[in-house]
Structure formats: structure tokens, C-alpha cells
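Thanks for coming, everyone. Let me put the structure up, and then I'll walk you through it.

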Amino acid sequence: MQTVTLNNGVKMPIIGFGVYQIPDAEECENAVYEALMAGYRLIDTAAGYLNEEAVGRAIKRSCVPREELFITTKLWIQDAGYESTKLAFSKSLKKLQLDYLDLYLIHQPFGDYYGAWRAMEELYREGRIKAIGVSNFLPDRLMDLIVHNEIVPAVNQVETHPFYQQMESAAFMKEQSVQHQSWAPFAEGRGNMFGNEVLGLIGEKYNKSVAQVVLRWLVQREVVVIPKSVRKERIVENFDIFNFELSADDMKQISDLDTRDSLFLSYHDPKFAKMLGTLKVDL
Ligand SMILES: NC(=O)c1ccc[n+]([C@@H]2O[C@H](COP(=O)([O-])OP(=O)(O)OC[C@H]3O[C@@H](n4cnc5c(N)ncnc54)[C@H](OP(=O)(O)O)[C@@H]3O)[C@@H](O)[C@H]2O)c1
């Protein structure tokens, strides 16, 4: 398993399995089980996905030794704050049937995430989390968190795919020793990603699919990927990216697909901050 080394020395698989938008418990459990059988060892869930219990059951069913696994979950905005983060962490662990987490992320840069970070720093020092990080933090938010706290986030998980490549953010994160992780590597198929001609032609050269080209491109940039699928054949296909290499010319062609903008949302938009901040999730 190819890994990256985080800023605290912890090794993280460069490919994992994401479980956003698999609300059906049985479907989620089966997908995670298939992923573990296919060789994935990193599973990326979140309290807000409402499927931590299903992930926990799949882990148990797989019988993969705990030390081989890298389990990530995320703290939702409603639970930001020092005390509520400690409580939310315990709830997540219980649902996942685990006694420690590999990575705990602040899901969104909203609410009292400073209180959350202090609670996470404590849980990390107590050895209950192997690494702590954030998600959806633009460089200014990330720097603010870094300068006002003791522990530098190990990971920042942000939207990253061929149409939104995050090159400046990536350079900034590298400078700060924060590992870049991509969410929505396929942009969930938006922008006709799977039908993209450039990506398709590159894939043909190596007998690989568009999905495999995209994941390979990210891995060659040393970005950790967590593709999601509920179909066994795609789960296997997405993991099969370590037997070919994109050339410098392929990488250049893909870099030209960058629109430098999100296909989902804007972290600069107050309406979005209000919408997420007032959303009530039955966690
Ligand atoms: N931190 C955050 O705020 C945040 C936000 C979004 C996502 N995430 C994380 O990132 C993970 C991945 O992102 P995502 O789930 O939003 O989207 P994604 O992985 O970009 O795309 C998933 C979509 O692509 C399809 N797909 C998967 N493999 C395929 C293949 N080989 N060929 C054709 N279609 C394929 C899936 O369909 P089928 O399932 O039908 O195969 C699904 O519709 C999430 O699951 C979650 O863990 C984090």
C-alpha cells in the first residue's frame, strides 16, 4: 500500500474509500465491506453522513486487523466547541465500534472550531486520535488556525479534481506541512467528467478508464484520494491505479482542464455559511 507520511510521522494510505451519500445502512455496510475486501484500508466517513454505524459493522465483518486500518471521521458544525467536540468524538467512536481514531477532521470552517481544535489537541495527546486535521479550510483559515494553536493540522480535505485543481492551495499546504486530501475526485460526475475527451484519450493509451486516470493524476501529485462507489466493479477499478504512470505531457493536458472554481459551492458566500450553520442534522 502506497502511503504518505503526515507531519507527525503517521503513515496514511494514499487511496481510501469515501462513503458520503450512502444513506442506506445495508448498502453502506456492503460497500465498505467490498472496499476492504478489494484492499482499501482507509475509510472516510463523517458524523454528518449518518452512516458511522454501518461503517463500524463492515469493519467488524471484514476481520481486517485494526492496526492495518486507517479510519477517518469528521466533526459536524453543530458539535463544534470544546465540550461538545469531546462528546461528539465519543459518540462517533461508539458508532464505529472503535477505541481510537486514525484521523479526526473538523468538517467545516464554521462555528466554534477553535474550541473544537483545543478538544481535538487534547484527545490527540491522550493517544485517542493518531492525527487531527481539517476539511474545507481555505489558506487564510488554515493559517489562522495554525498561528493561534499548538498543533498544525495534519490534513486538509478539500474539493479537488481535474476541473478544480487547487494548485495554489496545494502549494500553500505543502509549505505548511499539511497533507492535501481530495474530496469528490470525480466531481461526482459533474461537468461530464466521465465523458471528458481529454481524460478518455489519455486513458485509452494505458487501457485505463477516466476514473483511473483521474485518481492516478491525483496520486502522482501526492494528493490522497477517497473515491466513492456502491458498485463492486467500480470499487475494484478505482483501486487499480498503481500499475501505470501518467507522462509529463498527460499531466500538462490535465492541468489545462482546470476552471479554478468549485463545481459545488463557495466558501466565500455568506449564504452558504448561513445555510450550513443553521442546518439541523439529527446526529
Ligand atoms: N469533506 C467534505 O466536505 C466532503 C465533501 C464531499 C465528499 N467528501 C468525501 O469524499 C468522498 C468522495 O467524494 P464524493 O462521494 O462526493 O464523489 P466522487 O467520489 O467524486 O464521485 C462519486 C460518484 O462517481 C460514481 N463513480 C465512482 N466510481 C466510478 C467509476 N469508476 N466509473 C464511473 N462512475 C463512478 C459514483 O457512482 P456509484 O456509487 O453508483 O458507482 C458516484 O456517483 C466522499 O464519499 C466523502 O468521503 C468529503
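One term before we start. Helices and strands here are DSSP runs, numbered from the N terminus, with at least four residues for a helix and at least two for a strand. Keep in mind that this is a predicted model.

Now, the second largest pocket. Which elements each supply at least two residues of its lining? They are strand S1 (3-5), helix H6 (167-175) and strand S9 (179-183). Helix H6 gives the most, with 3 residues. The space in this pocket comes to about 250 Å³. Its lining has 14 residues. Nearest the centre are Lys 174, Val 178, Gln 179, His 180 and Glu 222. By class, the lining divides into 6 nonpolar, 5 polar and 3 charged residues.

Stay with Glu 222 for a moment. Glu 222 sits in the loop between helix H8 (210-220) and strand S10. Its phi is near 65°, which is positive, and the residue is not a glycine. Most residues other than glycine have a negative phi. Is Glu 222 buried, exposed or partly exposed? With a relative accessible area of 48%, Glu 222 is partly exposed. The cut-off for exposed is over 50%.

There is another residue to set beside that one. Arg 260 also has a positive phi, about 60°, without being a glycine. Look for Arg 260 in the loop between helix H10 (248-255) and helix H11. Arg 260 is exposed, because its relative accessible area is 56%.

Next, the largest pocket. How much space lies in it? About 1000 Å³. The lining takes in 44 residues, and the closest to the centre are Tyr 20, Gln 21, Trp 183, Ala 184 and Glu 188. Helix H9 (232-239) and helix H11 (270-278) each supply at least two lining residues. The class split of this lining is 24 nonpolar, 12 polar and 8 charged.

Helix H11 has a residue worth pointing at. Lys 274 is found in helix H11. Lys 274 is exposed, as its relative accessible area is 60%. Now find Phe 110. In sequence, Lys 274 and Phe 110 are 164 residues apart. In space, they are 9.4 Å apart, C-alpha to C-alpha.

On to the sheet. What is the strand order? The sheet is open, has 8 strands and runs S3-S4-S5-S6-S7-S8-S9-S10, with parallel pairing. At the edges are strand S3 (16-18) and strand S10 (224-225), and each of them pairs on one side only. So strand S10 is an edge strand, pairing being defined as at least two DSSP bridges between two strands. Glu 222, from earlier, is in the loop that leads from helix H8 to S10.

Look inside the sheet now. Strand S6 (residues 101-106) and strand S7 (residues 129-135) run parallel, joined by 5 bridges. For Ile 106, the bridge partner in S7 is Val 134. Strand S7 is mostly covered, with 6 of its 7 residues buried. Helix H4 (residues 113-125) lies across strand S5 (70-75), S6 and S7. Helix H4 runs at about 160° to S7.

Strand S5 gives us a residue to zoom in on. Thr 72 lies in strand S5. Is Thr 72 buried or exposed? Thr 72 has 0% relative accessibility, so Thr 72 counts as buried. What does Thr 72 touch, apart from its neighbours within four places in sequence? Its contacts are Leu 42, Ile 43, Asp 44, Thr 45, Leu 103 and Leu 105.

Last stop, the interior space. How many cavities of 30 Å³ or more does a search of the whole structure find? The search finds 1. The volume of the largest cavity is about 60 Å³. Its lining residues are Ala 47, Glu 52, Asp 79, Ala 88, Lys 91, Ser 92, Lys 95 and Leu 283. Helix H3 (residues 82-96) contributes the largest share of that lining, 4 residues. By class, the lining has 3 nonpolar, 1 polar and 4 charged residues.

That's the tour. Over to you for questions.

Key. Residues are numbered from 1 along each chain as its sequence is written. This is a predicted model: local features need pLDDT of at least 70, side-chain atom pairs count only at pLDDT 80 or more; totals for chains, interfaces and linings use all residues. Side-chain values use heavy atoms; hydrogens and water are left out. On a 1 Å grid over the protein atoms alone, a cavity is a set of points where a 1.4 Å probe fits but cannot get out, and a pocket is an open set with protein on both sides within 12 Å along at least five of seven lines; lining residues have an atom within 4 Å of a point. Grid points are joined across faces, edges and corners, and a volume is the space filled by probe spheres set on the points. Ala, Val, Leu, Ile, Met, Phe, Trp, Tyr, Cys and Pro count as nonpolar, Asp, Glu, Lys and Arg as charged, and the others, Gly among them, as polar. Contact means heavy atoms within 4.5 Å. Axes are lines fitted to C-alpha atoms, for helices over the stretch in contact, and angles run from 0 to 180 degrees between N-to-C directions. Buried means under 20% relative accessible area, exposed over 50%, partly exposed in between (1.4 Å probe, protein chains only).
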